Amino acid sequence: MIRTIVLYIFVAVGYLFFAMPASAEQYVVSDSAELDKAIKAALPGDTIVMKNGTWKDTLIRLNGNSGEPGKEITLRAETGGKVILTGTSRLRIGKDYWVVDGLRFQDGGFPNTSYGGIVEFRDGAGKHANYSRLTNTQMIGYNPPNKDTDYKWVSLFGTHNRVDHSHFEGKNHAGALLVVWRYGDTDKDRDYHQIDNNYFGKIPVFGKNGAEAIRIGTSEYSRGPSNTVVESNLFEEANGEAEIISVKSWENIIRYNTLRNSQGGIVLRHGDNSQVYGNYIFGGNLCNTVGIRIIGYGHKVYNNYISGIGCSYKPLSAAIILMNGDPKYNEDPSHGELVLHTYKQARYAEIVHNTLVNNKNNVHIGVGSDGYNVPPDSITIANNVIYGTTAPLVNLLTKPTNMTYKGNVMFGAELGITPVPEGITMQDPAVAMSSDGLFRPSAASPVKDKAQGSFPYVDKDMDGQSRDSSKDVGADELSASKPERAPLSRGQVGPSWLEAPPAAAPAAAVSTAAGTSARDAAAKSKALAAGTAEAVPASTEASARNGEYYMYMGAAGLILLGVLVWGINRGRRRKGRGA
């Protein structure tokens, strides 16, 4: 009898021992030595907390263990924004499933290129991170003494990494701010990165090529798919160069971003089959502003709202630009020497359901120089609203071939094409500024239910509202439902801890009583969406872990007691039956 009871007890203890979840560790560190030690020791689910204060010339190398899906290893600030990395401080994420949260890079910079970039998703050549994340981080003016010194602020290597809810401001030197690096053009070289809910601002004109805010790929590896998503970011006074978002690879998605008062635009520079939709671009009537510039095959450009582009006529400053190709361009080695750095012909693009209003320059077709004279071919321009007072509304710099126009409504100035082709109606679209600062059609607008052609991927409009079976012309579908999206303002992007961003611009879209309470509510909502929260004191987390431990041990004791009582009673019953 006693042996049976002991056996039951051992079974119960063994079950509890193996079923009880391991308690995650938290390491609180206050200097580089402690940080390095914690990085080496951290296991999946653990957290490393950097104490508030100034960390100067600190090299953070996340090169210990990898996390696991759902059990990432987190490196975070004790309080968001209060861990200030200065001097030559930099970060290397060299393992999978790591999250870096709440750091602030300020009052630093590198004297030369030997330091690499500020943040790299690798720790040395070939030691790339995957499924890792940089969030709630800020970089301000982390510039070199000489503006010609070229280094990147964030370099994405590996696959499935994310940069989100971060703030990048004041970069004034050579080199793209954020780069997706690629090393091949095959299916296995897809990147699947996500860049979302960030602020890019106060970037002065650099005056040379190579100062993009975001660049996806390079000319060398522009013939394969990246599958990177750039969404819900705000670009404000991002004037580095003409390409604010530069796409140099295939099959990327650029959506729901807001570009405001920035001398540049979204440029599909290399690669095919990308999608650009749901973006709001406000040029502020500044010179050198661009909406969307198109090079390559098979792109889809739809549901974009573009206004205030250009201050005078310039071929490379327009809401929509279709470039000529270089006859020497060659991306097939079987046809001779590769020539990848010039312009591929624009072909098979679909430019549909966009709204272009009050631009100095609206549509430029066949822009080219230096012998680039292969015209755009087989382009579809359909169901767009173009309203402007500067002629021509469509400027044919080079006559395209096999153009298709369907369901477009244009008005306000001469078209620029004689005779007016079938598929363009010169009629007042009856758009007027609404309470949110956007030009929208009235209920009596001739654009209502007048879209032509089948474009099934345009199932929603720029507001995220569903389109009905009879779609409206333009980016906006008349709807009684509440909009799901709008142009972004400063309080809706960046770190959740950034309570009062300097020189916040008024929203040109959603009109709200934007007081402190609205800002706080947005920050809390953003933190929940990002899966982050404010820093919890170490003692509180330790208490929570201890409470969890004692809860399991208490449960174990009760189970063991129940087993023991049950065994004794069973023995008594058997003894009674034997008597």
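Me: What is the volume of the second largest pocket?
Reply: The second largest pocket has a volume of about 550 Å³. The model is predicted.

Me: How many residues line the second largest pocket, and which lie nearest its centre?
Reply: The lining has 29 residues. Ala242, Glu243, Arg293, Leu316 and Tyr343 lie nearest the centre. Two elements, β22 (243–248) and β25 (265–270), give two or more residues each to this lining.

Me: What is the make-up of that lining by class?
Reply: There are 10 nonpolar, 11 polar and 8 charged residues. Tyr counts as nonpolar and Arg as charged.

Me: Which residue lies over the face of Tyr343, and what makes it a charge over a ring?
Reply: Arg269 does, at 3.9 Å from the ring centre. The limit for the distance is 6 Å, and Arg269 is described as lying over the face of Tyr343. Another case is Arg490, which lies over the face of Tyr199 at 4.1 Å from the ring centre.

Me: How are the 12 strands of the open sheet ordered?
Reply: The order is β4-β7-β10-β13-β16-β19-β22-β25-β28-β31-β34-β37, with parallel pairing.

Me: What makes β4 and β37 edge strands?
Reply: Each of them pairs on one side only. Strand β4 spans 59–62, and β37 spans 394–396.

Me: How do you know that β7 and β10 pair?
Reply: Pairing needs at least two bridges. Strand β7 (residues 90–93) and strand β10 (residues 119–120) have 2 bridges, in the parallel sense. The strands therefore meet the cut-off. As for individual partners, Leu91 has Val119 in β10 as its bridge partner.

Me: How many aromatic pairs are there by the ring rule?
Reply: The count comes to 19.

Me: Why is the pair of Phe110 and Tyr142 called edge-to-face?
Reply: Set the values against the rule. Centres must lie within 6.5 Å, and planes over 60 degrees apart count as edge-to-face. The centres of Phe110 and Tyr142 are 6.0 Å apart and the planes stand at 90°, so the pair is edge-to-face.

Me: Where in the chain do Phe110 and Tyr142 sit?
Reply: Phe110 is in the loop between β9 (103–108) and β10. Tyr142 is in the loop between β12 (138–140) and β13 (154–156). The two are 32 residues apart, and the pair links distant parts of the chain.

Me: Are these two residues buried or exposed?
Reply: Buried means under 20% relative accessible area. Phe110 has 0% relative accessibility, so Phe110 counts as buried. Tyr142 also has 0%, so Tyr142 counts as buried. Ring pairs link both of them with Phe105, Tyr115 and Tyr151 into a cluster.

Me: Why is the pair of Tyr297 and Tyr348 called edge-to-face?
Reply: The planes stand at 85° and the centres are 5.6 Å apart, so the pair is edge-to-face. Tyr297 lies in the loop between β28 (292–294) and β29 (300–302). Tyr348 lies in the loop between β31 (320–323) and β32 (350–352). The residues are 51 residues apart.

Me: How exposed are Tyr297 and Tyr348?
Reply: Tyr297 has 25% relative accessibility, so Tyr297 counts as partly exposed. Tyr348 has 43%, so Tyr348 counts as partly exposed. Exposed would need over 50%.

Me: What is the phi of Glu251, and what makes it worth noting?
Reply: Phi of Glu251 is near 60°, a positive value in a residue other than glycine. Most residues other than glycine have a negative phi. Glu251 sits in the loop between β22 and β23 (253–255). At 27% relative accessibility, Glu251 counts as partly exposed.

Me: Where does Asn402 lie, and is it buried or exposed?
Reply: Asn402 is in the loop between β37 and β38 (404–406). Its relative accessibility is 55%, so Asn402 counts as exposed. Asn402 also has a positive phi, about 55°.

Me: Which residue does a cis peptide bond join to Pro392?
Reply: Ala391, with omega about -5°. Pro392 lies in the loop between β36 (385–387) and β37. Another cis peptide bond joins Thr418 and Pro419, with omega about -10°. Pro419 lies in the loop between β39 (408–411) and β40 (424–426).

Me: Is Glu212 buried or exposed?
Reply: Its relative accessible area is 3%, so Glu212 is buried. Glu212 lies in the loop between β18 (199–203) and β19 (214–216). The C-alpha atoms of Glu212 and Ser246 are separated by 6.8 Å, with their positions 34 residues apart along the chain.

How values were computed:
Residues are numbered from 1 along each chain as its sequence is written. This is a predicted model: local features need pLDDT of at least 70, side-chain atom pairs count only at pLDDT 80 or more; totals for chains, interfaces and linings use all residues. Side-chain values use heavy atoms; hydrogens and water are left out. On a 1 Å grid over the protein atoms alone, a cavity is a set of points where a 1.4 Å probe fits but cannot get out, and a pocket is an open set with protein on both sides within 12 Å along at least five of seven lines; lining residues have an atom within 4 Å of a point. Grid points are joined across faces, edges and corners, and a volume is the space filled by probe spheres set on the points. Helices (H or I, at least four residues) and strands (E, at least two) are DSSP runs, numbered from the N terminus. Rings of Phe, Tyr and Trp (its six-membered ring) pair if their centres lie within 6.5 Å; planes under 30 degrees apart count as stacked, over 60 as edge-to-face and the rest as tilted. Buried means under 20% relative accessible area, exposed over 50%, partly exposed in between (1.4 Å probe, protein chains only). A charge sits over a ring if NZ of Lys or CZ of Arg is within 6 Å of the ring centre and within 35 degrees of the ring normal.
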